[in-house]
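Welcome! Here are some exercises to work through with the model open beside you. Try each task before you read its solution.

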Amino acid sequence: MESDLIAVRGLRVSFGSDAGVARVLDGVDLTIRRGEIMGLVGESGCGKTTLARSILGILPPHATRIEAGEIRFEGRDLLGLGEKTLASEIRGRAIAYIPQDPFTAFNPVFTIGTQIDDLMRFKSPLLRGGALSGRDRRRQDRARVLELLRMVQLPDPEGVLRKYPHEVSGGQRQRLMIAMALLPEPQLVIADEPTTALDVTVQAQILTLLKRLAREHGVAVLFTTHDLGTAYEICDRITVMYAGQEVEEAPVASFFDAPSHPYTRKLLDSLPSSENGIRGIAGEIPRLIDPPSGCRFHPRCERATEECRTTRPPPEAVAAGHTVRCHHPLEGGA
Ligand SMILES: Nc1ncnc2c1ncn2[C@@H]1O[C@H](COP(=O)(O)OP(=O)(O)OP(=O)(O)O)[C@@H](O)[C@H]1O
């Protein structure tokens with residue numbers, strides 16, 4: 001579709017280990033439109049980070065196999081691009097990354113200013129025109145850096161540039177990461193659980209900021225989280241993954257009001273509430289070395305039939321922009 005920025009289709013990724021081969025992504029589809037915030041939710045180990053890393057082209061090379069599929073970004077299949085093109089044109093430029101723990105993303109022995117200068121030396125949008133001298137480019141970039149540090153509400157931006165990463169707080173480091181992600185003017189930012197390392201009040205501030213800046217800059221965001229409350233706050237649409245397969249994709253309102261997949265329903269029911277307390281989902285997350293056939297959720301699903309055991313359901317549209325992979329979808333969320 002015209003407005004699709006990225007379309008992942010049929011992606012299969014496996015990791016080899018002494019215990020066997022784990023198919024960690026098993027035919028995953030994901031579509032992100034220009035300028036939208038897409039939440040990727042699911043329990044720990046369902047493959048969110050692996051999908052994010054596949055898009056960025058930073059899967060661990062050892063023992064990883066991309067077995068099938070494509071990742072179309074603005075029409076180009078990223079899986080067909082060489083490392084040189086990915087490094088110079090895509091990663092950190094057209095697609096930026098905000099990691100879970102911003103501390104490990106900084107080099108402790110250089111000031112923040114030096115590290116931002118390095119980033120701009122390679123990824124500045126001004127390099128694309130190529131007409132500016134090095135000095136003019138640096139001067140204009142410095143002005144843009146200070147403007148973005150102000151936008152992410154860092155006090156004393158000039159002072160921050162002189163500091164070392166350990167001299168600023170965790171929340172400030174994550175604000176810096178947001179600024180650094182936006183500086184190259186990307187079309188897509190991948191934010192992988194960007195606030196898990198922060199306390200709750202700072203988390204809320206950072207997420208509000210990320211949403212506002214993404215909107216202002218017209219940037220799409222792939223936001224991975226296991227926290228549905230957070231997804232509700234900031235996402236336009238949500239894709240749910242279960243054990244390496246996507247099972248449902250919906251605009252945020254239909255996701256919460258009328259989930260179609262029994263797993264989504266159970267995820268929503270497992271949110272703590274004063275009536276229900278904390279309810280888990282019965283059964284166990286499958287081992288990916290030896291996953292269930294057909295729909296991987298079938299062993300935990302009361303609606304499962306023989307068809308679910310043998311055949312993975314194709315994506316079915318249940319409403320505008322809302323698709324589900326289930327042979328026996330819920331109607332009206334129940
Ligand atoms: N380098 C690796 N080698 C082998 N297995 C891996 C590797 N990285 C991840 N896995 C396995 O792949 C599966 C998916 O992991 P992934 O980190 O993508 O899940 P996730 O949904 O992001 O989880 P979390 O929310 O805990 O970060 C897990 O079973 C994990 O153990």
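A residue is called buried if 20 or more other C-beta atoms lie within 10 Å of its own, exposed if 12 or fewer, and partly exposed in between, with C-beta atoms placed from the backbone. This is a predicted model, where local features need pLDDT of at least 70 and side-chain atom pairs count only at pLDDT 80 or more, while totals for chains, interfaces and linings use all residues. Residues are numbered from 1 along each chain as its sequence is written.

**Exercise 1. Sort Gln-153, Ala-304 and Glu-193 into buried, partly exposed or exposed.**

Solution.
- Step 1: Gln-153 has 12 other C-beta atoms within 10 Å, so this residue is exposed.
- Step 2: Ala-304 has 19 such atoms within 10 Å, so this residue is partly exposed.
- Step 3: Glu-193 has 20 other C-beta atoms within 10 Å, so this residue is buried.

**Exercise 2. Place Gln-153 and Glu-193 in the chain, and look at the phi of each.**

Solution. Helices (H or I, at least four residues) and strands (E, at least two) are DSSP runs, numbered from the N terminus.
- Step 1: Gln-153 sits in the loop between α5 (134-151) and α6 (157-161).
- Step 2: Glu-193 belongs to the loop between β7 (188-192) and α8 (200-217).
- Step 3: Most residues other than glycine have a negative phi.
- Step 4: Gln-153, not a glycine, has a positive phi of about 60°. Glu-193, also a residue other than glycine, has a positive phi near 40°.

**Exercise 3. Describe the whole chain: how many helices and strands are there, and what is the radius of gyration?**

Solution.
- Step 1: Count the elements: the chain has twelve helices and twelve strands.
- Step 2: The radius of gyration is taken over C-alpha atoms, and the globule rule is 2.2 Å times the number of residues to the power 0.38. For 334 residues the rule gives 20 Å and the chain has 21 Å, which is close, so the chain is as compact as a globular protein of that length.
- Step 3: Along the principal axes, the C-alpha atoms fill a box of roughly 70 × 50 × 45 Å.
- Step 4: Of the 334 residues, 38% count as buried.
- Step 5: Two residues are in contact if their C-beta atoms, placed from the backbone, lie within 7 Å. Among contacts with a separation of 6 or more, 65% join residues 24 or more positions apart.

**Exercise 4. Which residues are closest to the ligand, and which elements give two or more residues to the shell around it?**

Solution. A residue counts as near a molecule if its C-beta atom, placed from the backbone, lies within 6 Å of it.
- Step 1: The ligand is surrounded by 15 residues, and the closest are Phe-15, Ser-44, Lys-48, Thr-49 and Thr-50.
- Step 2: β1 (4-17), β2 (20-33) and α1 (48-56) each give two or more residues to this shell.
- Step 3: α1 supplies the largest share, three residues.
- Step 4: Sort the shell by class. Ala, Val, Leu, Ile, Met, Phe, Trp, Tyr, Cys and Pro count as nonpolar, Asp, Glu, Lys and Arg as charged, and the others, Gly among them, as polar. The shell has six nonpolar, eight polar and one charged residues.

**Exercise 5. Why is α1 described as largely enclosed?**

Solution.
- Step 1: The buried residues of α1 are Lys-48, Thr-50, Leu-51, Ala-52, Ser-54, Ile-55 and Leu-56.
- Step 2: Seven of the nine residues of α1 are buried, so the rest of the structure largely encloses this helix.
- Step 3: After α1 comes Gly-57, with a positive phi near 70°.

**Exercise 6. Find the residues that touch the most other members of the largest nonpolar core.**

Solution. A nonpolar core is a set of buried Ala, Val, Leu, Ile, Met, Phe, Trp, Tyr and Cys residues joined through C-beta atoms within 7 Å.
- Step 1: The largest core has 77 residues, and Leu-188, Val-189, Ile-190 and Val-221 touch the most other members.
- Step 2: Helix α7 (residues 170-182) gives this core its largest share, seven residues.
- Step 3: Beyond its neighbours within four places in sequence, Val-221 contacts Ile-37, Met-38, Val-189, Ala-191, Leu-210 and Ala-214.

**Exercise 7. What does Met-241 touch?**

Solution.
- Step 1: Met-241 is in strand β9 (residues 237-242).
- Step 2: With 23 other C-beta atoms within 10 Å, Met-241 is buried.
- Step 3: Not counting residues up to four places away in sequence, Met-241 touches Leu-40, Gly-42, Cys-46, Gly-47, Lys-48, Glu-246 and Val-247.
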